[in-house]
Amino acid sequence: MLEKALRGSKRYYLWLAILAVLIAVGAAAYTRQLTYGLGLTGMSRDVPWGLYIAQFTFLVGVAASGVMVVIPHYLHNFRAFGRMVILGEFLAVAAVIMAILFVFVDLGQPTRVLNVLLHPTPHSIMFWDICVLGAYLLVNIVIGWAVLGAEKKGFPPPRWTRILTILSIPLAISIHTVTAFLYAGLPGKAYWLSAIMAARFLASAFASGPALLIILSLIIRRFTSFKVTDLAVDALVKIVCYAMIANVFFFLLEVFTSFYSAIPSHQASLRYLFVGLDGSGGLVPLMWVAAVLALAGITLLLVPRLRRNLRLLPVSLVAIFVACWLDKGVGLVLGGFVPNAFGRVTDYLPTANELLIICGVYALGLFILTILYKIVIAVRTTNEEELSKTDS
Amino acid sequence: MSELRRTQKDIKGTYVTKGTVPFVTYVPFMSLERREFIRQGFAAGLLGLGALGSLGALGTLVGCSKVAAPAATAPAATTATAAPAAPAAQRWGLVIDPALLVKTQAFNAVAQACHSHHNVPQISDPKTEVKWIWQDDFAHCFEEMDSAYLPAALRELQFPVLCNHCENPVCVRVCPTQATFKRDDGIVDMDYHRCIGCRFCMTSCPYGARSLNFCDPQPYIAQVDPGYPTRMRGVVEKCNFCVERLAQGLPPHCVEASQGAILYGDLDDPASEVRQALAGSLSIRRRPELGTEPSVYYLLRGAESPTDAPKGGEPHA
């Protein structure tokens, strides 16, 4: 089926070329980091995890979100999502690959990465995270490929794909739960030490991931003959809306506990993020942008008239997506490191080299996603053309 | 399991001693790992335990520590005979008298001894510096005990801070490769050759005791001490309680340089010097509420009072 990705329009090739250039630039930047060390990033002794791990955390959420299409379709027989399921699964594939790559570029000694498998350590959450991420990646590739291959040949998908798909549901929940556990079990990091962390992660994932999936579906609908129905879009938009409401609600629960209890260590990170702490507040504008976007996005999606406005819809979804990204792909990880073990504030500012590597990884993910979606669209459109031929 | 780990270390060569001379001597970097690997093989062969060693490694690989354990105890015994002077302990601990350290003005010597003998690079940028032991004041070391009306003497007192060698070390719990591990004697040690540099340990340590080599440390080492291996970029490091010294029956560098202000010994032995010191004075530990059970204690032997008078008895003013 890969041959389907080789034939495309000029616009398709131009898009891939742009991504290839970005990947090359990212790779060059990574070579620099590899030879010099992580000193080329903005990370420090006090902020040992920066945007790389934050992107990893965010993308695991995007990957988990495919399940919001799979559950209605497979468990509740909501057939309108039929065409979207494979888009969700392939989005998950691209997102998991990016997530794993972000962990890889973050390693100080990447050549030793297989030590994680050579010395399996069940008491380390990172070990479990790698297990569930690997399994989820594999399951999604296998399902997507098998279902699409059957479709190409005009057969219904084999029965075992259904079993695997059902299995992918708890796996999707587990990848984000385990990722939350990386943070939620650390004594002395008050901002992360919260029982609601995994729930908050999932809520944010089920808002940001499907939001991205709808945006991608709308783009595909606009530029190709592959049409996702309005019914499917509207149903998924509702999921995004309620997941985002849950996400904001969970966040407000954190705010209440921290500030009503008035325990300084539980307030410090939130203060740092939203008003600044000890004169440091680089993230303050970003966090308020996130807050405004979150509320604006929810309002636009909650009012039925605004939600059904297809011109406004992409704006609302981008607002939700960016809000989630700022919350989890920036604030959550960086805020947790403030203050440090001595009550001091150390700021983190990513370097240009670090940002280029991040761009490179995202470009690689988009490249993979483009190829996968191209194959899906090619298979579907060819089939439909043949169907219409036989009809007439 | 940790017994096995410890003895694997011994085979590796880092702590194996031959007489009083450290078995591993400094080799210019790049060739260090290979050289050490050859030595490791040599050491294992010399002890006639090569086969047993690989059997043990196989046991670890399949997660069957029971198979590995007997193979591992043999080199442990051999090491013990190689360094007969090495004292054993159930749980090594440090007791620091910060006021005495200020009086003797020995802290700089302490840090110097620790950092120079362990080849800790001297990087001036606080964001990327590597440090095993340093000082901070009461308000920052013991934030939760801070108050506006502390005696000035205590407020101004500097406390040496280092790895706490916790009884329940979070860093060991989170490390995905067991590069950080707890030995049977309570010391939290590291295998710099296994560390993948993920920095989960740095993130999880509630004491900020860990440093990453953000770049190649070699240019920042004034003079390499051949008694301890140097590290390479991308790995984490921290205080190792001078395990290489303990194996030779010597006290840790900080203890030696402190002029009596830092004591070391077995916290599980009521007769030990550290336990005697703890029995005679109020002592505090950093963030004990987290349940990590630090093994580093700070004596407040009258430090809270402006006069030096009260020693031993009721420490509260």
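The following conversation goes through a predicted model with chains A and B, asking how its descriptive terms are earned.

Mentor: This is a predicted model, in which local features need pLDDT of at least 70 and side-chain atom pairs count only at pLDDT 80 or more, while totals for chains, interfaces and linings use all residues. Residues are numbered from 1 along each chain as its sequence is written, and chains are lettered from A, with ligands numbered from 1, in the order in which they are written.

Trainee: How do you know how many helices and strands chain A has?

Mentor: Helices are DSSP runs of H or I with at least four residues and strands are runs of E with at least two, both numbered from the N terminus. By that rule chain A has 14 helices and zero strands, whereas chain B has 13 helices and twelve strands.

Trainee: What makes the radius of gyration of chain A agree with that of a compact globule?

Mentor: The radius is taken over C-alpha atoms, and the globule rule is 2.2 Å times the number of residues to the power 0.38. For 392 residues the rule gives a value near 21 Å, and chain A has 21 Å, so the two agree. The C-alpha trace of chain A spans about 75 × 50 × 40 Å along its principal axes.

Trainee: Why is the packing of α8(A) and α13(A) called oblique?

Mentor: Two packed helices are described by the angle between their axes and the distance between the axes. Axes here are lines fitted to C-alpha atoms, for helices over the stretch in contact, and angles run from 0 to 180 degrees between N-to-C directions. Helix α8 (residues 197-223) and helix α13 (residues 313-336) of chain A pack at about 140°, with their axes 9 Å apart. Angles under 35 degrees count as roughly parallel, over 145 as roughly antiparallel, 65 to 115 as roughly perpendicular and the rest as oblique, and therefore α8(A) is oblique to α13(A).

Trainee: Which residues make that contact, and what classes do they fall into?

Mentor: Two residues are in contact if their C-beta atoms, placed from the backbone, lie within 7 Å. Among them are Ala207(A), Ala211(A) and Leu218(A) of α8(A), together with Leu317(A), Phe321(A) and Trp325(A) of α13(A). The residues of this contact divide into 13 nonpolar, two polar and two charged, where Ala, Val, Leu, Ile, Met, Phe, Trp, Tyr, Cys and Pro count as nonpolar, Asp, Glu, Lys and Arg as charged, and the others, Gly among them, as polar.

Trainee: How do you know whether Asn119(B) is buried or exposed?

Mentor: A residue is buried if 20 or more other C-beta atoms, placed from the backbone, lie within 10 Å of its own, exposed if 12 or fewer, and partly exposed in between. Asn119(B) has 23 such atoms, so Asn119(B) is buried. Its phi is near 55°, a positive value in a residue other than glycine, and Asn119(B) is found in the loop between α6 (107-117) and β4 (133-137) of chain B.

Trainee: What makes Arg199(B) count as buried?

Mentor: Arg199(B) has 22 C-beta neighbours inside 10 Å, and therefore counts as buried. Phi of Arg199(B) is near 70°, again a positive value in a residue other than glycine.

Trainee: How many residues does each chain bring to the contact between chains A and B?

Mentor: Chain B brings 41 residues and chain A brings 31 residues. On the side of chain B that touches chain A, the largest share, four residues, comes from α10(B).
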